[in-house]
Every structure is written in structure tokens, then in C-alpha cells.
Amino acid sequence: MVKNAGGKRTKSQGRKYVGTTSQKGVRYATQEGEIYAAVTKLFGGDNCEVLCSDGILRICIIRKKFRGRGKRDNIIAIGVWVLVGLRDWETNNKRQKCDLLEVYSETDKDTLKGNSSLNLTLLCKISEDKMDDNNDDICC
């Protein structure tokens with residue numbers, strides 16, 4: 001009789017990513033070139049438009065880490081707060097580009113708002129406008 005080799009090891013592959021979620025702390029902008037932003041538009045592919053806390057609209061490049069399998073915990077939608085890294089090496093007359101570094105959840109937003117050393121009034125206004133737009137859609 002032929003020995004059963006065990007198939008294609010799909011059970012071990014299925015268990016590979018079980019329980020890997022860990023409690024992480026809130027990441028702050030510690031280095032030069034990191035800035036807080038809020039998503040204003042979603043473009044196709046890996047691009048979106050963000051309004052940074054300094055008041056400049058930039059095009060954000062969504063890295064591979066936040067797409068595909070990693071998208072589950074990092075949903076990017078309009079009004080979501082993100083941490084972006086500025087590209088100082090890219091100089092042209094077009095709109096500036098930046099890279100996505102972190103996506104903040106609602107609890108992370110509350111933690112950032114509680115930090116008194118950060119100036120996030122512009123981002124708070126964007127979030128409030130987004131919430132008002134969603135409430136208008138529900139009422140009508």
C-alpha cells in the first residue's frame with residue numbers, strides 16, 4: 001500500500017499567520033520629514049491625495065505593506081489620519097509626493113488629540129467635515 005505523504009501542507013500554511021497581531025503603541029512623528037495628514041481623495045491603484053498638517057495638498061504613495069494581505073488592519077478611506085514621510089529628494093514643479101508610513105485607528109486619533117504638543121486642528125476640521133457629510137447622506 002502507498003504511504004500517505006500528507007498532501008500539500010496547507011494546514012501548516014493556514015496556521016502561519018494565526019495570532020500574530022500584537023498590541024502596538026501609537027507611532028508619533030519623531031524624525032524630520034514625518035508629518036501628520038488626512039486622506040481627502042482616493043485615486044486608483046496605490047495613490048491618494050492627503051492634506052498635511054502644514055496645509056499643503058500632496059499625493060501619497062501607498063506602499064506594498066498597506067496593500068494586499070496587510071490591507072486588513074490598515075483600511076484607507078476618506079478622512080482617515082495617516083503619518084506620511086516627505087520626499088525632499090524629489091524636486092519638480094508638480095504636486096509634491098509623500099510615502100505612507102502609518103494608518104491611525106479611531107483610538108489612535110484620540111491619543112494624538114490628547115497630546116498637547118501636537119497642532120492637529122486642520123486634521124480635526126477635515127474629520128468633522130467628513131462626519132457631517134456622512135450624516136447628511138443618512139438623513140436625506
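What share of the contacts in the chain with a separation of 6 or more comes from residues 24 or more positions apart? It's 58%. Keep that number in mind as we walk through this structure, which is a predicted model.

## The overall plan

Let's start with the parts list. The chain has 140 residues, and 29% of them are buried. Its secondary structure comes to 3 helices and 5 strands. If you read along the sequence, you meet them in the pattern α-β-β-β-β-β-α-α.

## The barrel

Now for the strands. The 5 strands close into a barrel, and going around it the order is β1-β2-β3-β5-β4, with mixed pairing. On average, neighbouring strands of this sheet are turned by 55° against each other, if you ignore direction. As a bit of background, strands of a sheet pair through backbone hydrogen bonds, and they can do so either parallel or antiparallel. Here are some of the pairings in this barrel:

| Strand pair | Sense | Bridges |
|---|---|---|
| β2 and β3 | antiparallel | 5 bridges |
| β3 and β5 | parallel | 3 bridges |
| β4 and β5 | antiparallel | 5 bridges |
| β1 and β4 | antiparallel | 5 bridges |

You can pick out individual bridge partners too. Try Cys60 in β3: Cys48 has Cys60 as its bridge partner, and Cys60 also stands opposite Cys98 in β5. Cys98 is in turn the bridge partner of Leu86. Further along β5, Glu102 is partnered with Leu83. Over on β4, Val82 has Ala37 standing opposite.

How much of β4 and β5 is hidden away? In β5, 6 of the 7 residues are buried, so this strand is largely enclosed by the rest of the structure. β4 gets similar treatment: 5 of its 6 residues are buried, so β4 is largely enclosed as well.

## Two cores

Nonpolar side chains tend to be buried together in soluble globular proteins. In this model, the largest nonpolar core has 16 residues, and the members that touch the most others are Val50, Cys60, Val82, Val84, Leu100 and Val103. Which elements give two or more residues to this core? They are β1 (34-42), β2 (47-52), β4 (81-86) and β5 (97-103). Apart from this core lies another one of 12 residues, including Tyr36, Trp81, Leu120 and Ile126.

Val84 is a good residue to click on. Leaving aside neighbours within four places in sequence, Val84 is in contact with Gly33, Glu34, Ile35, Ala37, Cys52, Cys60, Cys98, Asp99, Leu100 and Leu101.

## An aromatic pair

The structure holds 1 aromatic pair. The partners are Tyr36 and Tyr104, and their rings are tilted, with 6.2 Å from centre to centre and 40° between the planes. Tyr36 sits in β1, while Tyr104 is in the loop between β5 and α2 (106-114), so the pair ties together parts that are 68 residues apart in sequence. Are these two tyrosines buried or exposed? Both Tyr36 and Tyr104 are buried.

## A helix with two sides

Just after that loop comes α2, and this helix has a buried side and an exposed side. Asp108, Lys109 and Leu112 are its buried residues. Looking down the axis of α2, you'd see them fall within an arc of 105°, so they line one face of the helix. The face turned away from that side carries the exposed residues Glu106, Thr107, Asp110 and Gly114.

## Two asparagines to compare

Finally, take a look at two asparagines. Asn74 is in the loop between β3 and β4. Why does Asn74 count as buried? Its relative accessibility is 17%, and the cut-off for buried is under 20%. Not counting residues up to four places away in sequence, Asn74 touches Phe66 and Val103.

Asn47, on the other hand, lies in strand β2. With a relative accessible area of 24%, Asn47 is partly exposed. Leaving out residues up to four places away in sequence, Asn47 touches Leu42, Ile59, Cys60, Ile61 and Ile62. For Ile62, the C-alpha to C-alpha distance to Asn47 is 6.0 Å, though the two are 15 residues apart in sequence.

Definitions and conventions:
Residues numbered from 1 in each chain as written. Predicted model: local features only at pLDDT ≥ 70, side-chain atom pairs only at ≥ 80, totals over all residues. Heavy atoms only, no water. Core = buried A, V, L, I, M, F, W, Y, C linked by side-chain atoms within 4.5 Å. Buried < 20%, exposed > 50% of the residue type's maximum accessible area, 1.4 Å probe, protein only. Helix = DSSP H or I, 4+ residues; strand = E, 2+ residues; numbered from the N terminus. Contact = heavy atoms within 4.5 Å. Pairing = 2+ DSSP bridges. Axes fitted to C-alpha atoms, helices over the stretch in contact; angles between N-to-C directions. Phe/Tyr/Trp six-rings, centres within 6.5 Å; stacked < 30°, edge-to-face > 60°. Arc of directions from axis to C-beta.
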